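Visitor: I'd like to go through this one with you. Can you show me the structure and tell me what backs up each label?

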Amino acid sequence: MGDYSFFFIIALAVGAMWLMSSRTRKQQREALDFRNHLVPGDEVMTGSGLVGTVVEVAGDIVTLESAPGSQTRWVLRAITQRFETPVPVDDDELDEDPDDDDSYDEVDVPDDVSSLTGAAAIEATDDDEDDDLDEDDDLDDEDENDEDENDEDESDKHQDGTTPDPK
């Protein structure tokens, strides 16, 4: 009795390939059916994005009108999908003022931190600690200024380490 795991993996791979190929065949059948049932007046889109109205279907050649009086000929396989004209939006819908909408809720802002509870109170106390850290940063800036002054004094020295004589 050998190990059957190898046969199981092979069967699984064959099953996956069959499922993928059946989906592809189904999509190809749907596309072929769509193209075979094109009639003048259908609004379609080509694979390159040209939108036009079918004027004539003659074998594998489709004549599309993209603008009034502008007709182009396309291979049938270039037609990829039916184009649905976007629904126009009423101007009344665009002019609605969002402030008139009752879906916005009023937010109550407290006057002091003592009215906050839970996580909001913890965040408020954390903000206070951050302010204390900012004050420490100011002290560090003063120390850096003192170091800059010492660097300027050292730059007055000659290369051999002697200082110039003040006159």
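Guide: Sure. Reading along the sequence, the pattern is α-β-β-β-β-β-α-α, which makes three helices and five strands. This is a predicted model, where local features need pLDDT of at least 70 and side-chain atom pairs count only at pLDDT 80 or more, while totals for chains, interfaces and linings use all residues. Residues are numbered from 1 along each chain as its sequence is written, and side-chain values use heavy atoms, leaving out hydrogens and water.

Visitor: What makes a stretch a helix or a strand here?

Guide: Both are DSSP runs, numbered from the N terminus: H or I over at least four residues for helices, E over at least two for strands. Helix H1, for instance, covers residues 5-36.

Visitor: Why is Asp42 called buried?

Guide: Buried means under 20% relative accessible area, exposed means over 50%, and partly exposed is in between (1.4 Å probe, protein chains only). Asp42 has 15%, so the buried label fits. Arg82 has 42%, so this residue is partly exposed. Of the 167 residues, 9% count as buried.

Visitor: How do you know that Asp42 and Arg82 form a salt bridge?

Guide: The rule asks for a side-chain nitrogen of Lys or Arg within 4 Å of a carboxyl oxygen of Asp or Glu. The N to O distance between Arg82 and Asp42 is 3.3 Å, and the pair passes. Asp42 sits in the loop between H1 and strand E1 (43-46) and Arg82 in strand E5 (residues 79-82), so the pair ties together parts 40 residues apart in sequence. The structure holds one salt bridge.

Visitor: What makes a set of residues a nonpolar core?

Guide: Its members are buried Ala, Val, Leu, Ile, Met, Phe, Trp, Tyr and Cys residues joined through side-chain atoms within 4.5 Å. The largest one has eight residues: Phe34, Leu38, Val44, Val54, Val62, Leu64, Leu76 and Ile79. Contact means heavy atoms within 4.5 Å. Leaving aside neighbours within four places in sequence, Val62 contacts residues including Leu38, Val54, Leu76 and Ile79.

Visitor: And why do E3 and E4 count as paired?

Guide: Two strands pair if DSSP finds at least two bridges between them. Strand E3 (residues 61-67) and strand E4 (residues 70-75) have six bridges, in the antiparallel sense, and they qualify. Thr63 stands opposite Arg73 in E4. The two strands form a hairpin with two residues between them, and Gly69 in the turn has a positive phi of about 90°.
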